[in-house]
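Hello,

Here is the structure I promised to pass on. Please open it and keep it beside you as you read.

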Amino acid sequence: MDRILIRGGRRLSGRLPISGAKNAALTLLPCALLTDEPLTLRNLPRLADVDSFGHLLNQFGVSTLVEGSRPEDFGRVMTMRAGRLTGTTAPYDIVRKMRASILVLGPLVGRAGEATVSLPGGCAIGNRPIDLHLKALEAIGARIEFTAGYVKASAPRSTAGGGRLAGGRYSFPVVSVGATENVVMAAVTARGGSRIENAAREPEIVDLCRCLVAMGARIDGIGTETLEIEGVDRLHGATYAVMPDRIEAGSYACAAAITGGDLELAGVTADDLRATLDALAAAGVTVEERRGNVRVAATGRIGPLTLSTAPYPGFATDMQAQFMAMLALATGASVLTETIFENRYMHVPELARMGADIQVRGRTAVVRGVDRLAGAPVMATDLRASMSLVLAGLAAEGETQVSRVYHLDRGYERLEEKLSAVGADIERVGDG
Ligand code: UD1
């Protein structure tokens with residue numbers, strides 16, 4: 001299995017291109033199921049999860065064509081066409097590897113009147129149930145049944161034939177990104193209207209809604225917590241560019257800060273990462289917004305912070321691990337509170353092995369800044385935790401080996417290439 005080898009202590013500087021957003025891609029890809037016409041997505045990141053999602057779509061008879069991209073280019077263009085669906089079941093083998101597979105449930109039931117998806121099972125960052133996905137779908141007319149590890153959603157059949165959801169109203173008791181995405185994708189072709197309250201407002205949801213509108217959907221309140229959707233009889237094809245990855249951008253912003261560096265993050269929508277940029281500024285990092293670019297420069301040591309994760313527009317849980325690595329080298333004590341996922345501190349013992357001083361009590365972590373970290377062999381059990389170890393490795397003295405690189409490959413397009421281009425001493429090595 002590959003490992004990432006980092007010799008720390010290099011100051012990063014230069015221009016670093018930001019890829020298309022993984023989490024937006026994973027909700028835009030299933031939109032292809034909603035129409036028999038082609039959906040072309042541009043700026044798709046080259047990531048393992050995107051490939052896996054393509055394979056999942058193939059299972060339903062969706063053709064996928066990747067065009068005109070040279071290996072040296074970042075991003076790619078994919079055209080999907082779901083002319084006729086040949087299946088409506090997402091099997092265990094795929095769902096267990098990629099939790100986001102649950103996002104086919106809404107569009108499949110919307111288009112085909114039924115969908116069967118394996119229950120995702122355990123997940124490294126907590127329990128992550130799908131009850132809200134199912135409750136929201138039920139509220140807009142789906143019937144939900146469970147059989148041997150699978151959940152089936154179906155729409156009532158009319159005398160005219162295929163089932164179609166009625167539409168309805170649902171108010172989320174807890175903000176859920178995935179459940180909002182699923183119900184929106186199911187509601188756009190319902191017979192009637194739907195009103196979704198306490199919807200997630202993440203930029204990736206805005207991206208999803210904009211793509212659906214480009215396909216002919218009628219959605220009001222985009223970017224707010226109340227979405228009003230008027231079902232349409234059919235959607236058509238479209239070409240849509242995936243938004244920039246705000247979490248990738250935030251992660252590299254932390255890389256600039258932790259190495260005392262100066263990076264220009266290219267192709268970024270600063271508003272999408274406002275909470276991250278505000279937190280960096282509060283820690284004493286210089287943040288300059290330019291059209292489509294953000295410059296992040298460290299002017300000295302990082303100051304301590306008190307941060308609590310929250311749904312958008314709050315501080316993203318997907319940035320918590322990276323900030324923890326950075327704050328491990330701060331001039332004082334920081335307090336981080338994780339409110340979204342339980343068990344999202346698995347990077348803590350690994351950071352501690354590199355010399356970080358972190359104490360976790362329940363959902364809160366107290367990070368006492370130290371003067372230096374020391375390189376070590378480390379491994380992590382999830383994507384963002386792995387990135388926090390890479391960041392610590394960039395700043396640490398000596399060599400850090402990060403194993404289980406497949407986590408990083410799920411979410412960071414050509415990480416070692418991007419980082420070495422701005423001065424990091426980083427390489428991927430195989431075991432062989
Ligand atoms: C998405 C992101 C993930 C990010 C998270 C929160 C993707 C592919 N993943 O995950 O990177 O960390 O948003 O910003 O876009 N919950 C329930 N029942 C449900 C669904 C969720 O109780 O049916 C709970 C979860 O356990 C969690 C909270 O709601 O505590 C928020 O989870 P959710 O927003 O749904 O996260 P995901 O969509 O899984």
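Below are some notes on one helix and one sheet. Bear in mind that this is a predicted model.

**Helix 4**

Start with helix 4, which spans residues 105-112. This helix is mostly covered. Of its 8 residues, 6 are buried. They are Leu 105, Gly 106, Pro 107, Leu 108, Val 109 and Gly 110. What do these buried residues pack against? Two strands and two helices are listed here: strand 7 (114-118), strand 9 (150-154), helix 5 (131-139) and helix 6 (177-187). Gly 113 comes after helix 4. Its phi is positive, near 85°.

**The open sheet**

Next, look at an open sheet of 4 strands. The strand order is 2-17-19-18, and the pairing is mixed. Which strands sit at the edges? Strand 2 (13-17) and strand 18 (286-290) do, and each pairs on one side only. On average, neighbouring strands in this sheet are turned by 15° against each other, direction ignored.

Now take strand 17 (residues 262-266) and strand 19 (residues 293-297). They pair over 5 bridges, in the antiparallel sense. To find your place, look for Ala 266: it stands opposite Asn 293 in strand 19.

**Helices across the sheet**

Two helices are worth finding here. Helix 8 (residues 246-258) lies across strand 2, strand 17 and strand 19. Helix 8 runs at about 165° to strand 17. Helix 9 (residues 274-282) lies across strand 18 and strand 19. Its angle to strand 18 is about 140°.

Best wishes

Conventions: Residues are numbered from 1 along each chain as its sequence is written. This is a predicted model: local features need pLDDT of at least 70, side-chain atom pairs count only at pLDDT 80 or more; totals for chains, interfaces and linings use all residues. Side-chain values use heavy atoms; hydrogens and water are left out. Buried means under 20% relative accessible area, exposed over 50%, partly exposed in between (1.4 Å probe, protein chains only). Contact means heavy atoms within 4.5 Å. Two strands pair if DSSP finds at least two bridges between them. Axes are lines fitted to C-alpha atoms, for helices over the stretch in contact, and angles run from 0 to 180 degrees between N-to-C directions.
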